[in-house]
Amino acid sequence: MENKESEIVLLILLGLPASGKTTFSKVLMKLSGDVNVSGSVGEKNHSIIHICYDALVPLLSLEQTKWSETRKKVVAVVENIICLLKTQNYSELDDYLQCMQIEKTKRHISQATDETTMVLIDDNMYYSSMRYEYFKMARRYTISFAEICLHCSAEVACSRNSQRSDDRVAQDTIIRMAGKLCCPSKKNSWEKWFCCLSSESPFDKRDAQTVFRVIEDSLKEPVLPVNNEDDENAHKKCAPNLIHEADIALRKVIGSKIKQLSASTAAGKNKQSLILKKQLLLQELKSGVLEVPEAIYKMFETRSDELQEELQQWWLTFFL
């Protein structure tokens, strides 16, 4: 008799360099067996597979500077793991994890029918589009998807980074990432299960409990595949004209924000940050990562005179 598929959740752990991602990963792995912390997840047979981006890069013989190629390779590693889990090829999975030196909480992934496997991806992923690639993977394999965002100021991250004996990140890089970090948001329909935790103080059991509750909720609703490509791209049928309208509204919002800046020394940096954010938001809207609210779609379809005003109000929510 064929074994029933186990539960799988693709868990994204994001945050600035030195925000505590790997430290928190170890906390989750340690406490996953404590049912007082992990709840119903811990009551089942379970395992956590910890995929650390920084640890994989040297194993894959990749250069950090070629970040686009590097990310594709890491995504391929994750997909291979998911595929082996879905096909129940546990022996090959154990060998693969050992070969890639990927940590896991159990020596051997169980073949039990009530097994819950958490594939934990420890990476900066400051752009929503980076995380969206993994959401699409969850959709392809009909598994659960959840996110953990660790909040940490650039100052704290830089201080911690300076204390590292190796693998230090350039301070300018951390500061730049802090300005670009896009936290999970309910504005994106695909970002349904997530939590944001402060990582400026030591992690405790309450932080782990929060994460396991999110995992538990996500397991109840695996990401369903789209029926076909037309369904997946249905929201883009009117995209060109709507994106044009959204671009006009966003330009007005950015223009207004720039006018509010004082003539201080920091004004130049703030202006540049606003321009970069505008480019990122528009890019994510075009790619489908960012979705316009349904109410605005209806206003666009009916050619409402209030469309521009509503689009500007929507864009303003990204600058609160």
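**Figure 1. Six strands build an open sheet in this predicted model.** The strand order is β3-β2-β4-β1-β5-β6, and the pairing is mixed. Two strands sit at the edges: β3 (103-104) and β6 (194-198). Each of these edge strands pairs on one side only. In general, the strands of a sheet pair through backbone hydrogen bonds, either parallel or antiparallel.

**Figure 2. Strand β5 meets the edge strand β6.** Strand β5 covers residues 144-151. Its pairing with β6 runs in the parallel sense, over 5 bridges. Which residue of β6 stands opposite His151? The partner is Ser198.

**Figure 3. Helix α1 packs on the sheet.** This helix spans residues 21-31. It touches β1 (7-14), β2 (46-52), β3, β4 (116-122), β5 and β6. Compare its direction with that of β2: the two make an angle of about 170 degrees.

**Figure 4. Helices α1 and α9 cross.** Two packed helices are described by the angle between their axes and the distance between the axes. Helix α9 holds residues 205-220. The axes of α1 and α9 come within 10 Å and cross at roughly 80 degrees. Angles of 65 to 115 degrees count as roughly perpendicular, so α1 and α9 are roughly perpendicular to each other. From α1, the contact uses Phe24, Leu28 and Leu31. From α9 come Lys205, Asp207, Ala208, Val211 and Phe212. How do the residues of this contact divide? There are 6 nonpolar, no polar and 2 charged residues.

**Figure 5. Leu10 and Tyr134 in the largest nonpolar core.** This core has 49 residues. Within it, Leu10 and Tyr134 touch the most other members. Helix α4 (residues 67-86) supplies the largest share of the core, 8 residues. Now zoom in on Leu10. Leaving aside residues up to four places away in sequence, Leu10 touches Val78, Ile82, Val119, Ile121, Tyr134, Met137, Ala138, Ile143, Ser144, Phe145 and Ala146. Nonpolar side chains tend to be buried together in soluble globular proteins.

**Figure 6. Another core lies apart from the largest one.** This core counts 25 residues. Among them are Ile148, Leu197, Ile215 and Leu219.

**Figure 7. The whole chain, for context.** The protein chain has 14 helices and 6 strands. Of its 320 residues, 46% count as buried. Take the contacts with a separation of 6 or more: residues 24 or more positions apart account for 77% of them.

Notes. Residues numbered from 1 in each chain as written. Predicted model: local features only at pLDDT ≥ 70, side-chain atom pairs only at ≥ 80, totals over all residues. Heavy atoms only, no water. Pairing = 2+ DSSP bridges. Helix = DSSP H or I, 4+ residues; strand = E, 2+ residues; numbered from the N terminus. Contact = heavy atoms within 4.5 Å. Axes fitted to C-alpha atoms, helices over the stretch in contact; angles between N-to-C directions. Parallel < 35°, antiparallel > 145°, perpendicular 65-115°, else oblique. Nonpolar A, V, L, I, M, F, W, Y, C, P; charged D, E, K, R; others polar. Core = buried A, V, L, I, M, F, W, Y, C linked by side-chain atoms within 4.5 Å. Buried < 20%, exposed > 50% of the residue type's maximum accessible area, 1.4 Å probe, protein only.
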